[in-house]
Each structure stands twice: as C-alpha cells, then as structure tokens.
Amino acid sequence: MTTGNMAPHHTHRTQSRARVSQGLRRRRQAVRQQPSQRLTALFHHLTVDCLREAYFALKRDAAPGVDGVTWEAYGQDLEPRLQDVQRRVHQGTYRAQPVRRRYIVKASGGERPLGVSALEDKVVQRAVVAILNQIYEAAFLGFSYGFRPGRSQHHALDAFATGILRQPSNWVLDLDVVRCFDSFDRAWLERFLQHRIGDRRLLRLIRKWLKAGVLEDHVVIEPDRGVIQGAVVSPLLSNVYLHYALDLWAHQWRRRHAQGTVIITRYADDAVVGFQYRHDAERFLTALTERLATFALRLHPEKTRLIEFGRYAARNRARRGQGRPETLTFLGFTHICSTSRNGKFQLRRNTNKQRMRAKLTEIQDTLRQHWHKPIAEQGAWLGRVLRGYYAYHAVPLNGRRLEAFREQVKWLWLRVLRRRSQRHRMTWERVERLASRWLPHPRILHPWPDARFAVTHPR
C-alpha cells in the first residue's frame, strides 16, 4: 500500500454518527426493494466489530445483572471477551443467564417489574438489535414511534398535536392495554419473527433469551408468556408483536372501513387514535377489542376512554349545553383544548400532575438521604435534576407549570436545610439566593409541534 493511504473502511458513516456495516446497509436496501422476502443469512453479521459497537453503545452506569459484572470491569479485557462470546455464539454453546428482577414505583401508583440482564447478554442483544433494525425499520409504519432509532417521545407528541391541529379530528380514543409486555403470546411472537427472518440460528438465539428465566428472591422463574421489561432486545420484540397485532390491522381498517379521517399515534403500548366521526370510533373500538383478544391482549375497561376532543369540541359541547372538553394524558403531558389570545383553537400541553408529584417525591427522598452533604454539592445536584426535567417538559405553553415545579423544589430544599440543625438560620431569603445561584429558571426548549413535525416529515 502506498505510504500515507488509509486502510479501506469496513463501515459506513451515517448522519447520526453511528457506524453501520455495508453488509447491513445492503440488507436494508434489499428489504425495501423486496418487502415480502424472508432473510435466511443474517447470523454472519454478528461479528466482533458488531459486538464491540454494541458494548460501547450500552449505558456505562447501569446496574449489574446476576453475574455482578459492570461495564468498566467487562472492558478491562474487552477484546478477548468479545472474541470468546462471538465464538460461543456461532458454535451454539452460548447460554443466556437469568434476568435479575427489580421493581420501580410508577407515577400512577403500583410497581413496574424490570429485568436487569447480565452484561454479556446485553452486548449480544444490542448487536442483534442493530442487525434486526436494518430489517424492521423498513417495515414499521410511520405512526409507530416507540424505541425506534431517530424517533423519540417528542416526535410522537408532535405527530399527535399536528393531527389534532390540521385534521378534522373530533373524537379521540385513548387506548390502554392491560399488562401489555407481560401478556405477549410467545408462539405468536415466534410466528411474527419467522415472517421476515428465515435464519434459524438467529431465531434460536432469541428463543434462549425468552426462556432464560427471571431471578427473584433467589429463585429462578420461567414465565411462559411476555417479554422481560428492561432487557435490551425487549423493545424491538414488542414493536414486532404490536406491528402485526395492531399497526397493520389499524392501518388497513382506516383505509377500508372508516368513513372519515383517522389519525393514529403509538409509542410502545401507549396509543391514541383520533376520529372525525363518533360512529367510526365506536366501530373501531369494538373491532379492536376482538382483534387484540386473538393475540392474548386485552384493553383496560376503565382506562380506555373515548372523549370528544379537537378543534370543534368546545363549540359542539357548548351547543349541546355540556361542559368543557375532557383532558387527555399522553406521554407525560395533559392535553387541553384551549384558545389563544385572539380566540383561535390552541392545544395546550401541561406536565401531568401525577408525574410532577412523583418526581417531587423522588427529589424529597434523595435530599433526605444526602442532607449531610455540603450545600454546594446539593445545589449542583438539584441543578442537574432541573435541567434534565426541563429538557423533556419545556414545551410551549408549559412555562407556568415548570416555574411551579422550581418553586416546589425550593421549598423541599428549605425544609431539608432547616432540619440539619435544631437552631437553624436558614431563611427564605437565603434559600432565594441559593436558588438564584444553583437552580436554573425554566425556558422553553422545544419548538411548536407542527413546526418541528414539518421539518422531520417534509412530505
């Protein structure tokens, strides 16, 4: 090779700065050209380079699994470990370890079970997800936003808000599936995967993760249905299941059976459907209940609601002598039918009160555990918490709710600082000075939803 020339690249640089192998890029192009083709040769893409990319894509401060290995400990002998796991995967001697069960408190009450996989399983699962994304990203529909590369919760919020503002949507169906991820029928899931994947070795690897079991109270439990929430591969498997059980059917229903306009937005198991006519919404709900029952899913009878919501909801309800339109909660925001200063319809999105209350409780508990630390350290931590909170909730027309959140954080900080001593000298004026130094004021960070939607979806 001529001196100074660089070696040829084996990866292709994308706009997101992520490296995708040229083989996977060709696979994605083939899937787009032949959507009904089953791919039978995928396992050879599971290389050491792919595993290395998967390792560096993992969260470095995540909790360890049953093996107790952290991200830093695994990286001390990274190359020998990756070569060993790649050899065992291709020889068929790789064994998935049980998932450690943890519980987190939900904002609406109760606990949500999460699984913490071993680090080696996380690496292999992340590599498999990178391979399968090149196949299913060309198949998933546009109104599906959950856990997909290049899509976030705010993209789903923008799509729903734009549909309400621009389409003649008068009724909204808020869907809630009972224990969605824990109810998946694994026989159906395997059939859905086999519809596009013909590589038996890859299917056998996924089957190992599903049958690995859950470690809880020193006892390994092997559930016969559902996917483990918290595993790296679970979001993709959930999207595949809901793609065939819900998305394709809903898209076909609105094209063949709906008499008016229908807008659909789904983020994981949270979905909202807007209708122009009420009878379309009622027929859709009846048909959807039967459709989900076929795939072992069930709608929550109390949380699934059909409400009058949209540009003309307030006017129509006033004509009938009814009150203001009901509110709708979607992805942490309460959606409200409001009006602007000039009297036009305006969709207001406020932070959900339950989410806000749960976050304040979390901050209060953490401050109580670390109230002996220096004030500067507490202030720096609270500043990081507020910036992270603003990064998600700082949408237009939500400034008052964010300012109220900051005031509540100041009160919590004052109470904790006063309890550090029986003869405290912590006054509200001093807390104000500390807050002006450490706690940033909220400012709107997100654009209007229809403006950002027009940029992300120019067509």
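1. Two strands are taken here as paired if DSSP finds at least two bridges between them. On that footing, strands 11, 12 and 13 of this predicted model form an open sheet in the order 11-12-13, and the pairing is antiparallel. Strand 11 (328-330) and strand 13 stand at the edges, and because each has a single partner strand, one side of each is left without a neighbour in the sheet. Neighbouring strands of this sheet are turned by 35° against each other on average, direction ignored.

2. Within that sheet, strand 11 and strand 12 run antiparallel and are joined by three bridges, and Phe-330 stands opposite Phe-333 in strand 12.

3. Another open sheet has four strands, in the order 4-3-6-7, and its pairing is mixed. Here the edges are taken by strand 4 (111-116) and strand 7 (219-221), each with a single partner strand, so one side of each lacks a neighbour in the sheet. The average turn between neighbouring strands of this sheet, with direction ignored, is 45°. Strand 3 (residues 99-105) runs antiparallel to strand 4 and is joined to it by six bridges, with Arg-100 standing opposite Val-116 in strand 4.

4. Turning to the protein as a whole, its secondary structure comes to 16 helices and 13 strands. For 459 residues a compact globule would have a radius of gyration near 23 Å, and the 25 Å of the protein agrees with that expectation. The C-alpha trace spans about 65 × 65 × 60 Å along its principal axes. Buried residues make up 46% of the 459 residues, and of the contacts with a separation of 6 or more, 69% come from residues 24 or more positions apart.

5. Helix 4 (residues 78-91) has 14 residues, which at 1.5 Å a residue should span 20 Å, and its end C-alpha atoms are indeed 20 Å apart, in agreement. Its buried residues are Leu-78, Leu-82, Val-85, Arg-88 and Val-89. Seen down the axis of helix 4, these buried residues fall within an arc of 135°, so they line one face of the helix. On the other side of helix 4, Pro-80 and Gln-91 are exposed.

6. The cover over the buried residues of helix 4 includes helix 2 (48-56), helix 3 (71-75), helix 5 (119-136) and helix 8 (200-210). Helix 4 is followed by Gly-92, whose phi is positive, near 85°.

7. Helix 5, one of the elements that cover helix 4, contains Gln-125. Is this residue buried or exposed? Gln-125 has a relative accessible area of 3%, and because buried means under 20%, Gln-125 counts as buried. Leaving aside residues up to four places away in sequence, Gln-125 touches Ser-117, Trp-209, Ala-231, Val-232 and Val-233.

8. Helix 13 (residues 375-393) has 19 residues, and at 1.5 Å a residue these should span 27 Å; its end C-alpha atoms are 26 Å apart, which agrees. The buried residues of helix 13 include Ile-375, Gln-378, Gly-379, Leu-382, Gly-383, Val-385 and Leu-386, and also Tyr-389, Tyr-390, Tyr-392 and His-393.

9. What covers the buried residues of helix 13 includes both strands and helices: strand 12 (333-339) and strand 13 (345-351) are among them, as are helix 6 (153-166), helix 12 (353-369), helix 14 (399-418) and helix 15 (428-438). Strands 12 and 13 also belong to the open sheet with the order 11-12-13, described in the opening point.

Technical notes:
Residues are numbered from 1 along each chain as its sequence is written. This is a predicted model: local features need pLDDT of at least 70, side-chain atom pairs count only at pLDDT 80 or more; totals for chains, interfaces and linings use all residues. Side-chain values use heavy atoms; hydrogens and water are left out. Helices (H or I, at least four residues) and strands (E, at least two) are DSSP runs, numbered from the N terminus. The expected span of a helix is 1.5 Å times one less than its number of residues. Buried means under 20% relative accessible area, exposed over 50%, partly exposed in between (1.4 Å probe, protein chains only). The arc is that of the directions from the helix axis to the C-beta atoms. Contact means heavy atoms within 4.5 Å. Axes are lines fitted to C-alpha atoms, for helices over the stretch in contact, and angles run from 0 to 180 degrees between N-to-C directions. The radius of gyration is taken over C-alpha atoms; the globule rule is 2.2 Å times the number of residues to the power 0.38.
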